[in-house]
Amino acid sequence: MASRLYAWARWMVRRRRWVIATWILVLAVVGALGATLHGKTSTEFTVPGVEAQQAQDLLKEKFPPAAGGIVRIVVAAPEGKTVTDPEQQQALDSVLRKAEKVEGVVAVSQPTGPGAVSTNGAIAYSDVRFIDEAPNVSEEAKDELSALVQPLRDGGMQVELGGPAMNPKTEAGGPAELVGVVLAFVVLAVALGSIVAAGLPLLTALLGVAVGVLGTMFVSGFVQMTGTATVLALMIGLAVGIDYALFVISRHREQLADPDTDWEESIARATATAGSAVVFAGATVVIALAALAITGIPFLTIMGLAGAVTVLIAVLVAISLLPAVLGVFGERMRPRRPKRKSKRKDRTAGSWGLAWARTVTRAPAVVLLVGVVGLLALALPARDLRLGLPSYASQPAASTQHKSYELLTEGFGPGFNATLITVVDTEHVPQDQRQDTIARLRTALAADQDVAAVSAPVASPSGEVVVMSVVPKSSPDDQATTDLVHRMRDLAPTVADAQGSLYVTGQTAMAIDVAGKLGSALPLFIGVIVVLALILLAIAFRSVLVPLKAALGFLLSVGASLGASVWVFQQGHLNGLLNVPAVGPVTSFLPVLLTGVLFGLAMDYEVFLVSRMREHYEHSKDPAEAIAQGVSRSARVVVAAALIMVAVFGGFIFNEDPIIKSIGFALAFGVFVDAFVVRMTLVPVAMALLGRRAWSMPRWLGRLIPDVDIEGARLPALAGPAADPRPGRGKESSSEETAARV
């Protein structure tokens, strides 16, 4: 691999203007397609085949009005008044009559009817039902409703909008995310020692991310996609794009520190060695994200593929555009020579990394034990992991969705926001038994200790479908509500005896079903990821024990990150600092997504760290010195890369969307733990304990596994400045360019 990338990079450098022009053209074309042909992104996380979705499909087929999206208008009367006062009621009626004329609206309930007014008369609600399902209700219609209720606010009433159709759009690119990019630039400047060199990873990463995200927007015109998919592509693409460029540029400048090294030769060699690690590490991220498809969940598959394509583009940028850009800068990428030679010259390069490696390997067993116990302690809260989707309680406290949730809880109890919908298909129930069947079901539902109220049954025009609303006593995020859904479904046999079918659906039931589906898919996904890790690392390092050690370290990182996520978002610690409005279950697809993404990123650091160890071991055959020199040579880059990822992911912690916030936190914490505890600490001590055995492999297995040579062992030795056949491009021009160094 290294030999081919070496020749490839030289080709890219010598045709740099064409390469750069091609990437700019790709950006322009993809940007035009994404800007003009993009589709709508969804805010719904549904899974075909689960019971809640089956019920929605049944309603859409046989009772379309009941399947439509709802915007719930929640009103609170001014202090000392009630919503049933003639003045307040008249104002409400006037607004709701106008709401009936909004495009797509099929029904508007009366806010002063039975069950729609709180016992003290201070709070009421009206459901505005659309013909379209909740994800398809237009933003224009919702904006029109928001404008229609403004006179009520002007008259002193508090008016908030909730309901399934009011799910806020997922967006990124705010000030908090930009802070992460600025911090990444600072880390790059310190790590590379040059403002110009620090700017190049950002420049190339932003171009790659732009192509990936705009391409994702273009695909959204043909495939239903959640807004989270685009944000995930941005988040991961930016982080890995910066890191991959950093690995190549740092290797290039390390080689250019020798004044006799030709800059073109250095670019080719840096792309061959660090670039091989980039290709291999990028492949692990792509495979891990694409493997999300094995969950069988469409929205998660789309998210994984969007992230995988963006990472693939980042790899292509690092091995094609980056060498071309480095060729443009030429000699200016060479580090400045110190004015006076240091007497400690031999000890300066990687001195702190060397000291760290030798410190932790003095008592490797003790360090390994402390590290593993510490990570297991961080993972302990994950024992109480509950999965779900965030309710409106998790939306920003200033949002109308959160305020509507609070008003409904105050006026009607915590379970009102968790209303469950029972759908009974009575098509095959004899006509004379339908009424009795529904009555018995309603009685059984009302008798449950966790049910606050059951609405009167509403039948479709054909009478083949009957719908009833069930209000729990507990909130949407409460475990008691999940238990209630399962008990309601346990009543299905009683309906089946009458040849009917019972389904439980609604926003809360859908969240419970999605969580259950994802929870059952997690063990299989983790198993696939671990097997992938073993195979890929066995190919990379031609070893059996190194992959096993890497996989165990990865599992510790995932456990620690999940434990921290439960501690913050489910148990409520640090809520004020992280601006988390309410505790609740962990986002249902976070564990699967975290496993896939963190696997790829963990393998990045494993490859870059251990490849330098193997590179030194191939020359010295001294395992102890290989560990020390490997950490010394790679520590600065790995630490910088990890800090960049933590900064980029950490910026998303302050995104207002609760899903993006939790993903940003889990990835930032996971990368921090994996890089600094697992890779920089536990990997060296584990390698020290393994000694020469770390690099051993059975002969029969060695014959089966290809030798990919990511360390560049078969490359020619570094050459000095060589003559270029083009006029003015030989050694003399390189000497002249030295004056323009940074």
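Two residues are in contact here when their heavy atoms lie within 4.5 Å. With that in mind, I turn to the fold as a whole, and I should say at the outset that this is a predicted model.

Consider the contacts in the protein chain between residues at least 6 apart in sequence: 80% of these join residues at least 24 apart. The chain contains 27 helices and 13 strands. Its C-alpha atoms fill a box of roughly 95 × 50 × 45 Å along the principal axes. How does the radius of gyration agree with what a compact globule of 742 residues would have? The globule would have a value near 27 Å, and the protein chain has 30 Å, which agrees. Of the 742 residues, 56% count as buried.

Let me now move to the helix packing. Two packed helices are described by the angle between their axes and the distance between the axes.

The first pair I wish to show is helix 10, residues 227-256, and helix 12, residues 298-329. Their axes come within 8 Å and cross at roughly 30°. Because angles under 35 degrees count as roughly parallel, helix 10 and helix 12 are roughly parallel to each other. Their crossing is right-handed. The residues of this contact divide into 17 nonpolar and six polar, with no charged residues.

The other pair is helix 23, residues 590-620, and helix 24, residues 623-651. These helices pack at an angle of about 155°, with their axes 7 Å apart. An angle over 145 degrees counts as roughly antiparallel, and helix 23 is therefore roughly antiparallel to helix 24. Helix 23 also passes helix 24 in a right-handed crossing. In the contact of helix 23 with helix 24, the residues comprise 15 nonpolar, four polar and four charged.

I would like to close with a single residue of helix 23, namely Asp604. Is Asp604 buried or exposed? Its relative accessibility is 0%, so Asp604 counts as buried. Which residues does Asp604 touch, leaving aside those up to four places away in sequence? They are Tyr244, Ala281, Gly282, Thr284, Val285 and Met645. Tyr244 deserves a further word: Asp604 and Tyr244 are 360 residues apart along the chain, while their C-alpha atoms are separated by 9.2 Å.

On screen, then, I suggest beginning at Asp604 in helix 23, and following its contacts to Tyr244 and to Met645, among others.

Key
Residues numbered from 1 in each chain as written. Predicted model: local features only at pLDDT ≥ 70, side-chain atom pairs only at ≥ 80, totals over all residues. Heavy atoms only, no water. Axes fitted to C-alpha atoms, helices over the stretch in contact; angles between N-to-C directions. Helix = DSSP H or I, 4+ residues; strand = E, 2+ residues; numbered from the N terminus. Parallel < 35°, antiparallel > 145°, perpendicular 65-115°, else oblique. Left-handed = near helix turned anticlockwise from the far one by under 90°. Nonpolar A, V, L, I, M, F, W, Y, C, P; charged D, E, K, R; others polar. Rg over C-alpha atoms; globule rule 2.2 N^0.38 Å. Buried < 20%, exposed > 50% of the residue type's maximum accessible area, 1.4 Å probe, protein only.
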